[in-house]
Amino acid sequence: RFAALVARRTAHEPFAYITGRKEFWSLDFDVGPGVLVPRPDTETLIEEALRIVPDKNAPLRIADLGTGSGALLIAALKEFPGATGVGFESSPQAFKWAQGNAERLMPARAAIRPADWNSAEGPFDLIFCNPPYIPSKDIESLAPDVSCFEPRAALDGGPDGLEAYRGLASLLPRIL
């Protein structure tokens with residue numbers, strides 16, 4: 001069994017997929033094929049939310065657009081105990097991971113919807129989004145752990161890496 005696990009890692013399968021877990025904001029998330037592995041640098045979004053929202057107990061309505069594993073939404077709900085949130089995820093594989101994490105870690109306050117973020121109806125007080133931003137031509141040059149295993153839709157930002165941002169620019173004013 002150990003040799004099989006080593007072979008998977010030698011083939012560059014992400015360690016988080018092998019273990020089925022990834023820590024994010026001191027929470028333990030279930031992850032696996034079909035969902036982007038949460039990255040420590042994304043925790044800066046939670047730090048920024050804590051900086052800009054002075055009342056941690058405010059009854060916020062939070063959205064996470066393209067929620068993936070649900071890490072951002074669930075971490076935000078942990079820090080804002082008076083808040084509720086909705087994660088929007090169009091990938092059926094990622095939706096299953098997010099739904100399981102929400103049910104296990106934040107069952108009463110997080111809802112995961114199997115929908116594109118364009119279906120989000122505001123208003124929301126706080127919106128998280130970690131959209132794809134890698135230019136299409138650069139995907140293959142990423143580490144094989146990423147380029148060969150993680151979902152391309154979560155990485156590929158189109159020809160210039162800004163495709164999702166252009167869509168968000170028209171969506172956010174309507175729902176924030």
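Two residues are in contact here when they have heavy atoms within 4.5 Å of each other. Keep that in mind as we walk through this chain, which is a predicted model.

Let's begin with Phe128. Which residues does Phe128 touch, once its neighbours within four places in sequence are set aside? The list is Leu45, Ile46, Ala49, Ile62, Ala63, Asp64, Leu65, Leu72 and Ala76. Phe128 also belongs to the largest nonpolar core, a set of 27 residues. Together with Phe24, Ile46, Ile62 and Phe80, Phe128 is among the residues with the most contacts inside that core. Several elements give two or more residues to this core: β2 (27-30), α3 (43-52), α4, α5 (92-105), β5 (110-113) and β6 (126-129).

Helix α4 supplies the largest share, seven residues. How many of the nine residues in α4 (residues 71-79) are buried? Seven are, so the helix is mostly covered, given that buried means under 20% relative accessible area. You can pick them out by name: Ala71, Leu72, Leu73, Ile74, Ala75, Ala76 and Leu77. Apart from the largest core lies another one, with 13 residues that include Phe88, Phe124, Ile127 and Ile175.

Now zoom out to the whole chain. There are seven helices and six strands, and from the N terminus on they run α-α-β-β-α-β-α-β-α-β-β-α-α. The radius of gyration is 16 Å, close to the 16 Å that the globule rule gives for 176 residues, so the chain is as compact as a globular protein of that length. Here are some whole-chain values:

| Property of the chain | Value |
|---|---|
| Span of the C-alpha trace along the principal axes | about 50 × 35 × 30 Å |
| Share of the 176 residues that are buried | 45% |
| Accessible surface | about 9100 Å² |
| Share of that surface belonging to carbon and sulfur atoms | 59% |

Contacts also link distant parts of the sequence: counting contacts with a separation of 6 or more, 65% are between residues 24 or more positions apart. As for charge, the chain carries 18 positive and 23 negative side chains, and the centres of the two sets lie 3 Å apart.

One last stop is Arg8, which sits in helix α1 (residues 2-10). Is Arg8 buried or partly exposed? Its relative accessible area is 31%, so Arg8 counts as partly exposed, between the 20% and 50% cut-offs. Beyond its neighbours within four places in sequence, Arg8 is in contact with Glu13, Tyr17 and Ile18. Arg8 and Ile18 are 10 residues apart in sequence, and their C-alpha atoms are 7.4 Å apart in space.

Technical notes: Residues are numbered from 1 along each chain as its sequence is written. This is a predicted model: local features need pLDDT of at least 70, side-chain atom pairs count only at pLDDT 80 or more; totals for chains, interfaces and linings use all residues. Side-chain values use heavy atoms; hydrogens and water are left out. Helices (H or I, at least four residues) and strands (E, at least two) are DSSP runs, numbered from the N terminus. The radius of gyration is taken over C-alpha atoms; the globule rule is 2.2 Å times the number of residues to the power 0.38. Buried means under 20% relative accessible area, exposed over 50%, partly exposed in between (1.4 Å probe, protein chains only). Accessible areas come from the Shrake-Rupley method with a 1.4 Å probe; for residues, only the protein chains shown count as cover. Lys and Arg count as positive and Asp and Glu as negative; His and the chain ends are not counted. The place of a charge is taken as NZ of Lys, CZ of Arg, CG of Asp or CD of Glu. A nonpolar core is a set of buried Ala, Val, Leu, Ile, Met, Phe, Trp, Tyr and Cys residues joined through side-chain atoms within 4.5 Å.
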